[in-house]
Structure formats: structure tokens, C-alpha cells
Amino acid sequence: MAGSSHGHTPAAWTGVIIAFIGFCVAGAFTVMAQPLGFWAGLVIVVLGGVVGMIMRSMGLGQPKGSGQITHLTATTTREPVTAES
């Protein structure tokens, strides 16, 4: 959607970046066959969500009610296209 600001907040960016780092850590330790490191990566992923929610509650997220999607309806009519001779 053009003009939408969904997810463009410090809370969203921070939470996603932390979760991405967690996925990278978990993936690396999966390849190295180290279960403890894998689970540590998943803890980092969950921490990203927690940090994002805390930042949102501190006012760094999207304001409440602005995330609702409104349905757009076409209010203009098109004229039929005719071929000119």
C-alpha cells in the first residue's frame, strides 16, 4: 500500500533486527550441530519480540488505531474506450 507507515517505527525495526540476529545465531549453531547454541539463538528471537513490545508500550511504536486497514472503493467511473476512424 502506498503511503502506509506500517512497521516503519523504531520499535518495529529494533525488534526485527534482534530477531534476525537470533535466527542467524540459531542457523549457524544448527550447521555446527550445537544444540545449546541453537536454543540460545531462539531465546534471542523471543527477546526481539519482547523488546519490540516494550518499546511500543514506551510510545516508540505505531499509535493505537492507526494500524487498521480501511477498504478502498472506486468512486470514479471510466468512459468506454471507442476506436476513432
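## Overall architecture

The protein contains two helices and zero strands, and the model described here is a predicted one. Of the 85 residues in the protein, buried residues make up 15%. The protein exposes about 7,200 Å², and carbon and sulfur atoms supply 69% of that area.

Contacts can also be viewed by how far apart the partners lie along the chain: among contacts between residues at least 6 apart in sequence, 62% join residues at least 24 apart.

## Helix α2 and its packing

Helix α2 covers residues 35-60, a run of 26 residues that reaches 35 Å from its first C-alpha to its last, which is close to the 38 Å expected at 1.5 Å a residue. Its buried residues are Gly-37, Gly-41, Val-45, Gly-48, Gly-52 and Met-55, and these buried residues of α2 pack against α1, the helix formed by residues 10-31.

Cys-24 has its place in helix α1, and its C-alpha atom is separated by 9.7 Å from that of Leu-42, although the two residues are 18 apart along the chain. Cys-24 counts as partly exposed because its relative accessibility is 41%, a value that falls between the limits of 20% for buried and 50% for exposed.

## The nonpolar surface patch

Val-46, Leu-47, Val-50, Met-53, Ile-54, Met-58 and Leu-60 together make a nonpolar surface patch of about 650 Å². One of these residues, Leu-47, is found in helix α2 and is partly exposed, with a relative accessible area of 46%.

## The aromatic pair

A search of the whole structure finds one aromatic pair. The pair is formed by Phe-38 and Trp-39, whose ring centres are 5.1 Å apart and whose planes stand at 75 degrees, so the arrangement is edge-to-face; the cut-off behind this label is an angle over 60 degrees.

The two partners fall into separate accessibility classes, since Phe-38 counts as partly exposed at 26% relative accessibility, whereas Trp-39 is exposed, with a relative accessible area of 53%.

## The loop between the helices

Ala-33 is found in the loop between α1 and α2, where it is exposed, with a relative accessible area of 59%. The backbone of this residue deserves a note, for the phi of Ala-33 is near 55 degrees, a positive value in a residue other than glycine. Most residues other than glycine have a negative phi.

## Around Thr-9 and Arg-56

Thr-9 lies in the segment before α1 and counts as buried because its relative accessibility is 13%, which is under the 20% limit for that class. When residues up to four places away in sequence are not counted, Thr-9 touches Leu-60, Gly-61 and Gln-62. Of these contacts, Leu-60 is also one of the residues that make the nonpolar surface patch.

Arg-56 is found in helix α2, and its C-alpha atom is separated by 8.9 Å from that of Thr-9, with the two residues 47 apart along the chain. Leaving out residues up to four places away in sequence, Arg-56 touches Ala-11 and Gly-61. Gly-61 is therefore a contact of Arg-56 and of Thr-9, given that contact means heavy atoms within 4.5 Å.

Methods:
Residues are numbered from 1 along each chain as its sequence is written. This is a predicted model: local features need pLDDT of at least 70, side-chain atom pairs count only at pLDDT 80 or more; totals for chains, interfaces and linings use all residues. Side-chain values use heavy atoms; hydrogens and water are left out. Patches are made of residues with over 30% relative accessible area and no salt bridge: like charges are joined within 9 Å, nonpolar side chains (Val, Leu, Ile, Met, Phe, Trp, Tyr) within 5 Å. Accessible areas come from the Shrake-Rupley method with a 1.4 Å probe; for residues, only the protein chains shown count as cover. A salt bridge is a side-chain nitrogen of Lys or Arg within 4 Å of a carboxyl oxygen of Asp or Glu. Helices (H or I, at least four residues) and strands (E, at least two) are DSSP runs, numbered from the N terminus. Buried means under 20% relative accessible area, exposed over 50%, partly exposed in between (1.4 Å probe, protein chains only). The expected span of a helix is 1.5 Å times one less than its number of residues. Rings of Phe, Tyr and Trp (its six-membered ring) pair if their centres lie within 6.5 Å; planes under 30 degrees apart count as stacked, over 60 as edge-to-face and the rest as tilted.
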